[in-house]
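Q: Please take a close look at a single helix and its surroundings. The account should also follow the neighbouring elements outward.

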Amino acid sequence: MVKRSLLVVALMVCLPATLFAQYDYVRISNPFLHKIPIAVPLFKPISGTEPEAMAAQSGADLLAATLEFTRYFNLINRAAFLERPDRTGVTLADIHCKNWRDIGAEFLITGGVTVAGGMVEMELRLFDVFKERMVLGKKYKGKSEDQRKMIHRFCVEVMEQLTGTPGIFESKIAFVSTGDGSKEIYACEFDGYNPQRITRNNSINLSPAWSSDGQWLAYTSYRKGGPDLYITNLTENRGTVFSKEGINISPSWVPGQFMLAATLSFEGDQEIYLLTGSGTVVRRLTRSWGIDVSPTFSPDGKRMAFVSGRAGSPQIFVMDMGSGRTQRLTFEGGYNTNPSWNPVNETIVYCAMTGGVFNIHVIDVKTGASVALTADQGDNESPSWSPDGSLIAFSSTREAGVPRIYVMTAAGTDPRRLLILPGEQTGPKWSPAVAAGR
Amino acid sequence: MAVSLHVSLLDDRHTGSGSFAAWMSLSFGFHLLVLVLLAVSGSYSGCQKRSFPMGAISVDLVSLPGPVSGPSKPAAAVSTAKATPAPPVRESKAPAYEKPAVVPKPKAVVPTKKNTAPVKASPRTAPAPAPAPAAEDTGDAELAKTLAALEQKVSQTQQSVNISGANSSQAGGGQGGGGTGGGGGRAASALEIYNVEMGFQIRKNWVCPLGVDENLQAVIAIHIAADGSLMDLRFEKRSGNDTYDESARKAILKSVPLPPLPRGFVLHKVSLEFTPKDAR
């Protein structure tokens with residue numbers, strides 16, 4: 001009994017000491033905020049001239065809009081700012097980090113602009129207002145018209161710094177537009193800026209596809225009557241026309257190679273073939289009854305997803321390029337087309353028709369689990385991943401029933417119209433990270 | 001002051017001879033008396049500020065059935081004083097779990113313990129008498145060992161809460177269920193509910209960039225003062241992704257001040273695990 005009481009007492013004595021070391025464990029998961037709160041105040045015109053003030057305004061606005069486009073950032077409304085770096089100064093010594101923390105910002109970008117002799121010089125700084133230090137500082141100098149390029153360069157740096165990826169700021173989006181009366185291929189910058197017409201043949205041009213170095217564009221054109229394959233260099237005036245008997249459609253480049261897959265029917269059935277960029281058939285990839293179209297490659301180029309009618313209705317299949325082994329990927333719904341393989345992971349977006357309406361779905365290649373990304377917003381078709389796999393461009397009839405290009409996140413959130421052009425815009429195709437332009 | 005008293009008791013035990021137990025009982029009684037006096041005088045909550053290690057209070061004192069509802073300070077303090085004898089008994093079963101080989105009864109409980117640990121730690125789920133036999137069998141020499149085991153066990157027996165969307169409310173509810181040890185359960189609830197509240201506040205401020213690897217995991221240990229201010233923050237485990245780690249750190253900093261600790265607690269230590277994947 002003595003020992004028992006002894007133990008009781010002793011335990012009581014030592015308990016506080018033991019518990020002193022105790023840590024509760026709290027698991028925090030499933031976050032619902034995903035956009036980094038960032039403040040981009042107006043840039044400071046260093047010498048205060050009128051052109052500087054204009055460049056400062058347009059530069060800050062463009063930077064804010066560009067960052068916002070990525071959907072990675074939540075741009076804090078300038079009306080909430082507690083200080084004005086455009087007046088007080090743009091260096092760490094001039095700003096009070098607490099003022100920015102208090103309005104919810106995690107980061108702050110300040111800019112100073114000098115305009116002299118037609119040249120613009122911009123000093124841009126990224127601050128971590130929690131660590132109270134500058135994490136990035138760059139100076140750019142160029143012609144006034146190059147301001148956009150400078151801002152994009154800085155955005156690349158910011159993205160690298162904050163997300164580890166360079167982002168999409170030098171990418172382009174090709175699409176088909178009927179604005180000029182015929183179906184022509186256009187390309188614009190990632191944010192819809194500066195749409196340029198690529199084809200000018202007053203015919204039907206479809207299915208643009210970027211090579212992985214961003215230098216070549218392949219597409220289908222009815223210029224000579226039948227659907228032929230055009231492979232054109234975007235910076236030099238050269239290219240190839242692949243025009244075998246039958247149809248020659250739906251090109252898709254193999255990642256990292258000057259080769260592409262396309263559907264040809266010169267042997268009778270519509271099958272997918274592998275071609276070189278100069279238009280030589282390498283080998284036939286599919287061998288089955290029924291249509292095989294719309295190839296798209298995994299990031300390593302070792303697998304190819306495509307649409308096949310072999311199951312009776314259009315469904316998506318995945319083929320191993322080495323063994324040729326093919327597996328059906330989609331089982332839900334009777335009409336699944338337009339696959340686009342995410343450039344960075346194992347997901348594929350595609351277009352599924354249910355109830356007579358087309359919607360964008362995403363499917364996990366490993367598990368086969370699919371999720372609809374659009375609903376009740378007209379017809380949504382032709383999805384295409386951004387080069388970093390964070391955004392999806394697609395065409396939708398959600399506004400007045402006219403097909404236009406929209407961009408949403410990989411999770412289907414934040415859909416926004418990409419650009420306003422006359423006519424209908426369809427079939428967007430996002431380029432690799434860097435695309436050549438005309 | 002209280003701590004120093006405890007320490008001296010412990011020393012006595014080691015140096016004492018046959019009459020040691022008698023001395024201990026006397027000392028224990030005296031100790032109780034002092035606590036009661038302190039409580040009644042109403043000065044207890046004031047003097048405990050730094051002297052009582054946080055964890056001890058969280059488990060022992062508030063665990064009494066009475067105190068939680070008691071609105072007045074003195075009342076709560078009295079209850080804590082009364083409570084003191086109970087907690088050690090309860091806690092003592094922890095070592096019993098530790099040594100299933102020595103104690104036959106707890107053996108059966110062992111799996112239960114293990115199962116509950118990862119979800120919600122409630123160190124006091126078993127009946128009081130369990131520890132005593134262990135002491136009888138093992139003797140003085142074994143006592144130190146048992147204590148060491150207890151210490152280790154207690155440090156392992158952490159309260160664990162999941163904060164993930166709808167889960168947070170479940171976690172809170174679950175705690176009630178977890179507190180099967182009667183009065184002990186209530187003590188757990190006070191801190192566990194606090195953990196849910198605090199965790200949710202941090203989660204609200206957590207900006208986890210889109211597209212990060214779902215399986216990333218960062219663990220940050222923090223110390224929270226009674227008024228909810230942050231006393232310490234350090235990474236226990238980094239995810240390997242700096243952006244992600246920073247997002248977790250900022251979530252905490254943005255949540256300061258955290259909710260004030262439940263009454264009677266002066267310092268709370270928490271390991272916060274950040275993982276994008278829903279723990280459900």
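The reply below follows one helix and then the parts around it.

A: The model is predicted, and the part chosen here is helix α5 of chain A, residues 147-163. Its 17 residues should span 24 Å at 1.5 Å a residue, and because the end C-alpha atoms are indeed 24 Å apart, the length agrees with that expectation. After the helix comes A:G164, with a positive phi near 85°.

The buried residues of α5(A) are A:Q147, A:M150, A:I151, A:H152, A:F154, A:C155, A:V158, A:M159, A:L162 and A:T163. Within chain A, these buried residues pack against β2 (36-39), α2 (50-69), β6 (119-128) and β7 (133-143). They also pack against α11 of chain B.

That partner from chain B covers residues 242-255. Helix α11(B) has 14 residues and reaches 20 Å from its first C-alpha to its last, close to the 20 Å expected at 1.5 Å a residue. Its buried residues are B:Y244, B:S247, B:A248, B:K250, B:A251, B:I252 and B:S255.

A second link between the chains involves strands. Strand β1 of chain A (residues 24-29) is joined to β4(B) by six bridges, and the two run parallel; here A:I28 stands opposite B:F274. Strand β2 of chain B (residues 218-225) is joined to β4(B) by eight bridges and runs antiparallel to it, with B:I224 opposite B:H268. Strand β4(B), residues 267-275, has eight of its nine residues buried, so it is largely enclosed by the rest of the structure.

Turning to the nonpolar interior, the largest core holds 135 residues, of which A:I38, A:A218 and A:I392 touch the most other members. Leaving aside residues up to four places away in sequence, A:I38 touches A:L67, A:F73, A:N74, A:L75, A:I76, A:A105, A:E106, A:F107 and A:I109. In soluble globular proteins, nonpolar side chains tend to be buried together.

Elsewhere in chain A, four strands form an open antiparallel sheet in the order β10-β9-β8-β31. Its edge strands, β10 (196-197) and β31 (425-430), each pair on one side only. Strands β8 (residues 172-177) and β9 (residues 184-189) of chain A pair in the antiparallel sense over six bridges, and A:I173 has A:C188 in β9(A) as its bridge partner.

How values were computed. Residues are numbered from 1 along each chain as its sequence is written. Chains are lettered from A and ligands numbered from 1 in the order in which they are written. This is a predicted model: local features need pLDDT of at least 70, side-chain atom pairs count only at pLDDT 80 or more; totals for chains, interfaces and linings use all residues. The expected span of a helix is 1.5 Å times one less than its number of residues. A residue is buried if 20 or more other C-beta atoms lie within 10 Å of its own, exposed if 12 or fewer, and partly exposed in between; C-beta atoms are placed from the backbone. Two strands pair if DSSP finds at least two bridges between them. Two residues are in contact if their C-beta atoms, placed from the backbone, lie within 7 Å. A nonpolar core is a set of buried Ala, Val, Leu, Ile, Met, Phe, Trp, Tyr and Cys residues joined through C-beta atoms within 7 Å.
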